[in-house]
Amino acid sequence: RTANHAFYQTFQLEPRDTEGRLIYEIGSGQWNIPKLRQLLEEVLPKHTWMKDFEVAQKCPGIGVRTMLLHAREIRQGDERVILLAIDDITELRQSTGDLRKTNEDLKQFIYAASHDLQEPIRTIVTYTDLLARRFSDKLGEEGGMFIDYAVEGAERLAALISGLGEFWQ
């Protein structure tokens with residue numbers, strides 16, 4: 001039936017707008033949310049609490065806000081009231097959305113890059129093998145060893161790039 005200073009400031013209300021009223025009656029009806037009303041009406045009779053009820057509401061003057069609501073019954077003498085705590089998580093949800101988009105963009109980049117890098121690696125392996133087969137008599141033992149190192153290195157690089165692509169899938 002009353003609220004703290006942060007509530008009044010955030011939702012651009014005055015004490016006279018809330019005192020003595022149920023949450024469903026304040027403002028321009030933005031808090032008259034059927035699911036919230038049902039949950040709060042279950043808190044009092046069952047002597048329970050509600051935690052992490054997420055709601056996105058359009059609030060006059062400040063736009064759409066995403067909030068987590070928590071409620072619990074408290075007693076003041078013979079009077080039973082609901083203590084309602086509101087966490088504004090709008091920026092958190094926006095940041096989470098931005099992070100998801102960035103991760104999706106990164107996945108797409110890594111997929112494309114790993115795919116595009118495989119082709120030149122295959123070319124290196126193919127032509128190095130051709131060199132080894134065509135000129136093995138001229139390369140000698142040391143040259144053959146160098147060719148093997150080059151092929152092994154390219155294959156390891158291909159495996160690393162493939163693993164990177166799979167990691168982000």
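**Figure 1. Contacts of L69 in the predicted model.** The model is predicted. L69 touches W31, L36, M50, K51, D52, F53, V55, L84, A85 and I86, leaving aside residues up to four places away in sequence. Across the pairing with β1, L69 is the bridge partner of F53. Toward β3, L69 stands opposite I86. Both F53 and I86 are among the residues that L69 touches.

**Figure 2. The largest nonpolar core.** This core has 20 residues. W31, L36, M50 and L69 have the most contacts inside it. At least two of the core residues come from each of α1 (5–10), α3 (34–46), β1 and β2. W31, L36 and M50 are also found in the contact list of L69. A second core is separate and has seven residues. Its members include I147, V151, A154 and A158.

**Figure 3. The three-stranded sheet.** The sheet is open, with strand order β1-β2-β3 and antiparallel pairing. β1 and β3 stand at the edges. Each edge strand has a single partner, so one side of each is left without a neighbour in the sheet. On average, neighbouring strands are turned by 30 degrees against each other, direction ignored. Helix α4 lies across β1, β2 and β3. Its direction makes an angle of about 135 degrees with β2.

**Figure 4. Pairing of β1 and β2, with the hairpin turn.** Strand β1 covers residues 49–59 and strand β2 covers residues 63–76. Nine bridges link them in the antiparallel sense. E54 stands opposite L68 of β2. One residue along, F53 has L69 as its bridge partner. Three residues lie between the strands of this hairpin. G61 takes a positive phi near 85 degrees there.

**Figure 5. Pairing of β2 and β3, with the hairpin turn.** Strand β3 spans residues 79–88 and runs antiparallel to β2. Ten bridges join the two strands. One of the pairs is I74 with V81 of β3. L69 and I86 stand opposite each other. Two residues separate the strands in this hairpin. G77 sits in the turn and has a positive phi of about 70 degrees.

**Figure 6. G77 and D52.** G77 lies in the loop between β2 and β3. G77 has a relative accessible area of 65%, over the 50% limit, and therefore counts as exposed. D52 belongs to strand β1. Its relative accessible area is 43%, so D52 falls in the partly exposed class, between 20% and 50%. The two residues are 25 places apart along the chain, and their C-alpha atoms are separated by 28 Å. D52 is also one of the residues that L69 touches.

**Figure 7. Positive phi outside glycine: Q12 and D52.** Most residues other than glycine have a negative phi. Q12 has a positive phi of about 50 degrees although it is not a glycine. Q12 is placed in the loop between α1 and α2 (15–18). D52 is likewise not a glycine, and its phi is positive, near 60 degrees. D52 is found within strand β1.

**Figure 8. The bend in helix α4.** Helix α4 takes in residues 90–167, a run of 78 residues. Its end C-alpha atoms are only 31 Å apart. A straight helix would reach 116 Å at 1.5 Å a residue. At L139, α4 bends by about 125 degrees.

**Figure 9. Q94 of helix α4 and T66.** Q94 is part of helix α4. Is Q94 buried, partly exposed or exposed? Q94 is partly exposed, because its relative accessibility is 48% and the class runs from 20% to 50%. T66 is 28 residues away from Q94 along the chain. The C-alpha atoms of Q94 and T66 are 9.5 Å apart. T66 falls within the residue range of β2, 63–76. Helix α4, which holds Q94, lies across β2 as well as β1 and β3.

Conventions: Residues are numbered from 1 along each chain as its sequence is written. This is a predicted model: local features need pLDDT of at least 70, side-chain atom pairs count only at pLDDT 80 or more; totals for chains, interfaces and linings use all residues. Side-chain values use heavy atoms; hydrogens and water are left out. Two strands pair if DSSP finds at least two bridges between them. Helices (H or I, at least four residues) and strands (E, at least two) are DSSP runs, numbered from the N terminus. The expected span of a helix is 1.5 Å times one less than its number of residues. The bend at a residue is the angle between axes fitted to the seven residues ending there and the seven starting there. Buried means under 20% relative accessible area, exposed over 50%, partly exposed in between (1.4 Å probe, protein chains only). A nonpolar core is a set of buried Ala, Val, Leu, Ile, Met, Phe, Trp, Tyr and Cys residues joined through side-chain atoms within 4.5 Å. Contact means heavy atoms within 4.5 Å. Axes are lines fitted to C-alpha atoms, for helices over the stretch in contact, and angles run from 0 to 180 degrees between N-to-C directions.
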